[in-house]
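Trainee: Got a minute to go through this one with me? I'd like to start with how one of the helices is covered.
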Amino acid sequence: MYRYDEFDETIVRERIDQFRGQVARRLSGELTEDQFKPLRLMNGLYLQLHAYMLRVAVPYGTLSSGQLNALADIADRYDKGYGHFTTRQNIQFNWPALVDVPAILDDLAAVEMHAMQTSGNCIRNVTTDQYAGAAADEIEDPRPWCEAIRQWSTLHPEFSFLPRKFKIAVTASATDRAAVRVHDIGLQMVRDADGAAGFRVIVGGGLGRTPYIGDTLRDFLPKEHLLSYLEAILRVYNEQGRRDNMYKARIKILVNALGIDAFRNLVEEEWGRLDKHGVDLPTEETARIAAYFAPPVFNGDAGATIEGVAAAAPPHERAAFERWLKINTAPHKTPGRRIVNVSLKPIGGAPGDATSGQMRAVAHLAHRYGADEIRVTHEQNLCMPHIAVADLPAVWRALDAAGLATANIALASDIIACPGLDYCALATARSIPLAQQIATRVAAREGGEETLGELKIKISGCVNACGHHHVGNIGILGVDKRGEEFYQITLGGSAADDAAIGERVGPALPTSGVLDAVDALLDVYQARRAPGERFLDAYRRLGAEPFKEALYDHADA
Amino acid sequence: MKAVTGNDLRAGGVVYLAPDGGWTPDLARAAVFEDAAADAALSAVSPRAVAHAYLIDVVVDGETVRAAGRTVRRETIRRDGPTIKTDWRDARL
């Protein structure tokens, strides 16, 4: 993992001192709320429905066990004993007191963490594939490039007051687990004809009230020019993006208004003018950063197999263990190792929440068995990317004891849901109770949700789409109609390499109709799918009509 | 009828302007204003007491005060949770 150097340390400590003074001035009345608001937001502190909320950056979703333990301590000492992992691979604390926030930031700094640039119109926390450095199908570990972007974008003077917030995601695998096509900039590592690694640069994706799938700006960018090319894109956006209307200020609106070809011309022209050597990392600096991400040494049994450990499980545990192995673990590039996904979606629980005890349990397991590494996924789960196959039984039992072994990764109950009206000041409807009820319903279907296969349900409590409903196979958007909660269903969305914006299939449904509507959609799918066909593929093959009929025939009944 | 609400500046919790000029977490004990007087009450709020003060519609129901109008659901959740309850995460459906 990357370790702070003296510059990182100084930046974070100076920012805390500055914010401590700002908090004192706010409490004394020297600053009004209007004056204080942009200052607190630049330090990740929001005011939500019930309380303040502190969003802590988890750079590219990577945590050490020490950092996760520190987050657990903060949850206990300053909050209500839990935290909420977000779709930006960050963590939010929902109940901090303003007077405690400087001390929380001190505690974060002690483990090389902070809350800067988790809000505001700046470049936000860069996100990546949670399997980075472990995935069998990646070209190289994308995290050194994420770290380069983090350093370049931290307090970047030119890009601290952009027209609107700016989100970058990076993947180095053909299988997109980072949703790169729905980010302001998506970077996908690819090889050119000579086998050299570089980036496909995708721009103008995004969700919110105007969703777009990003366009390819460049098929291949030599990786050594990543930062200068990003700088050119950001400079064009900063100069030409709209500032008169916050709903039209994201880069997706600019790209769509200009057209991708015209936007590309502007970027290439700007890039041609840039002093690339002044921005791009020298080779030795790239190597220095990359050294922090060297693969952990593995001295375990390279011949251990999941079939072997499953066969060795006691009979009373075997079925549950095998199911967890199948659903919650993934291949590792090193023989004898396995990637372990930790579900934060217990059936009936609040998606993405983890108690301090659960955080400590995962931290302990990562320290003992997992090369001290934990990842936060954009689907609001955790991941331990480096677990020896031989240790899987012990890891599974410990996760199970902590309530973290729900075998539902990528299944229907693995729901992304925004905090909705249960926390968020912007929300118009609740998301969490609906997610809890849908998860409970799908898990109780005949044969279990495993029979449904991969199925991404995503729920947002307002048009800002923090729950990514546009890219849900089944997307659910909460809306307010004359003071009542209604839910709009979209179908066919995807955030993966087959990215698509879901289609709205009809009028919004009252709360009382949503559970039965989801059941009706799943009934159509199960009745008409081809063997092994995913929900998304069945929807694309069959079209909207049979699903729409089931949805609204049911609603009319 | 209106009441003035906001979040306690130091701790963040939901509070309502009380008849004595102080702040209470209990909407039932909030000061109630006719629409015309409500704006003046909001303007008089000290910025040292609360963050983001605003007016909500309320009705007086006997000796208590309840949220009303278009934002009744939002204000009810804001006041009563369920997330504000310490045991809400233990409740499984």
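Trainee: What covers the buried residues of H8(A)?
Mentor: The cover includes strand S10 (215-222), helix H6 (226-240) and helix H7 (251-258) of chain A. Keep in mind that this is a predicted model.
Trainee: Which residues in H8(A) are buried?
Mentor: A:Phe263, A:Arg264, A:Val267 and A:Trp271. They span an arc of only 100 degrees around the axis, so they sit on the same side of H8(A).
Trainee: And what's on the face turned away from that buried side?
Mentor: Exposed residues: A:Asp261, A:Ala262, A:Glu269, A:Gly272 and A:Arg273.
Trainee: OK, switching to the sheet. What's the strand order?
Mentor: S1-S2-S5-S4-S13 in chain A, an open sheet of five strands with antiparallel pairing. Strands S1 (45-47) and S13 (353-355) of chain A are at the edges with a single partner strand each, so each has one side without a neighbour in the sheet. The twist averages 30 degrees from one strand to the next.
Trainee: Which helix packs on the sheet?
Mentor: Helix H13 (residues 356-369) of chain A, which touches S4 and S13 of chain A. Its direction is at about 85 degrees to that of S13(A).
Trainee: Last topic, the contact between the chains. How many residues does each chain put in?
Mentor: Chain A puts in 25 residues and chain B 23 residues. On the chain A side, helix H15 (residues 432-443) gives the most, with three residues.
Trainee: How do the residues on that side of chain A divide into nonpolar, polar and charged?
Mentor: Twelve nonpolar, nine polar and four charged.

Technical notes
Residues numbered from 1 in each chain as written. Chains lettered and ligands numbered in written order. Predicted model: local features only at pLDDT ≥ 70, side-chain atom pairs only at ≥ 80, totals over all residues. Contact = placed C-beta atoms within 7 Å. Helix = DSSP H or I, 4+ residues; strand = E, 2+ residues; numbered from the N terminus. Nonpolar A, V, L, I, M, F, W, Y, C, P; charged D, E, K, R; others polar. Buried ≥ 20, exposed ≤ 12 C-beta atoms within 10 Å, placed from the backbone. Arc of directions from axis to C-beta. Pairing = 2+ DSSP bridges. Axes fitted to C-alpha atoms, helices over the stretch in contact; angles between N-to-C directions.
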